[in-house]
Amino acid sequence: MKKTVVVYGSMETPLMRKAIEVLSQTLLDYIGSYPACFQYDPAADYSPYRCIFIGTKSNHPYIAQNAQSIPNQAEAYGISVQNDTVIIEGADDAGVLYGCVDFYNQYIIRFEYAHAEDWHSANYYWRNIFEKPLPDFACSSAPSVRNRGIWTWGHVIYDYKGYIDNMVKLKLNTVTIWNDCVPVNAKEMVQYAHD
């Protein structure tokens, strides 16, 4: 199996760090370890690796040169897989994060369980698509609703980080915590959510 690496343009914002974290966690189940993550270097030779390039046109020179057609709006993203190379491009850092989430939801699951059309064949069972060259694919998306979220009504959230991380995986960006008293860790919760 070819070694898979993540090549980012910039990791200056918490959203980009979260995008790399989400993508690395997803890949762990398929490649058996966390992928190596590098900042893009135009002089580097990436040919020995299966590269997943993530970023925006403004912060990643490779993506700027190999740009896709993605919607021109906040949180939009595009995923392109061609010649065993993956590009996850966002219109902004939130778009990159949602593209990393949907790399699993829209791409990996589609080819991992390809038996949906042919349930009686030898391909019925789960397969690790990273064991062979990745199938070509392209998609782009943008949210139709600007604020997508959950309203909690007087319930204690014991693990607010896990709660917010699950919201990210669902591409939700708003949480309303309705309580009689302000939680003692409200400041930390709000900061984590904004990050």
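Colleague: Helices (H or I, at least four residues) and strands (E, at least two) are DSSP runs, numbered from the N terminus; where is Tyr 113 on that scheme?

Modeller: Tyr 113 is placed in the loop between α3 (93–112) and β6 (137–141). Please keep in mind that this is a predicted model, in which local features need pLDDT of at least 70 and side-chain atom pairs count only at pLDDT 80 or more, while totals for chains, interfaces and linings use all residues. Residues are numbered from 1 along each chain as its sequence is written, and side-chain values use heavy atoms, with hydrogens and water left out.

Colleague: Which residues make the nonpolar surface patch with Tyr 113?

Modeller: Tyr 104 and Ile 109 join Tyr 113 in a nonpolar surface patch of about 250 Å². Patches take residues with over 30% relative accessible area and no salt bridge, joining like charges within 9 Å and nonpolar side chains (Val, Leu, Ile, Met, Phe, Trp, Tyr) within 5 Å. A salt bridge here is a side-chain nitrogen of Lys or Arg within 4 Å of a carboxyl oxygen of Asp or Glu, and accessible areas come from the Shrake-Rupley method with a 1.4 Å probe, only the protein chains shown counting as cover for residues.

Colleague: And is Tyr 113 buried, exposed or partly exposed?

Modeller: Its relative accessible area is 39%, so Tyr 113 counts as partly exposed, where buried means under 20%, exposed over 50% and partly exposed in between (1.4 Å probe, protein chains only).

Colleague: Switching topic, how many disulfides are there?

Modeller: The structure holds zero disulfides, a disulfide being a pair of cysteine sulfur atoms within 2.5 Å. For Cys 37, the nearest cysteine sulfur is that of Cys 100, 10 Å away.

Colleague: What are the accessibilities of Cys 37 and Cys 100?

Modeller: Cys 37 is partly exposed because its relative accessible area is 31%, whereas Cys 100 is buried because its value is 1%.

Colleague: Which residues that are not glycine have a positive phi?

Modeller: Glu 75 has a phi of about 70°, and Asp 84 has one of about 65°. Glu 75 sits in the loop between α2 and β4 (77–82), and Asp 84 in the loop between β4 and β5 (85–90).

Colleague: Are those two buried or exposed?

Modeller: Glu 75 counts as buried because its relative accessibility is 16%, and Asp 84 is buried because its relative accessible area is 11%.

Colleague: Last one, where is Ala 64, and how far is Ala 64 from Glu 89?

Modeller: Ala 64 belongs to helix α2 (residues 61–65), and its C-alpha lies 9.3 Å from that of Glu 89, the two being 25 residues apart in sequence. At 40% relative accessibility, Ala 64 is partly exposed.
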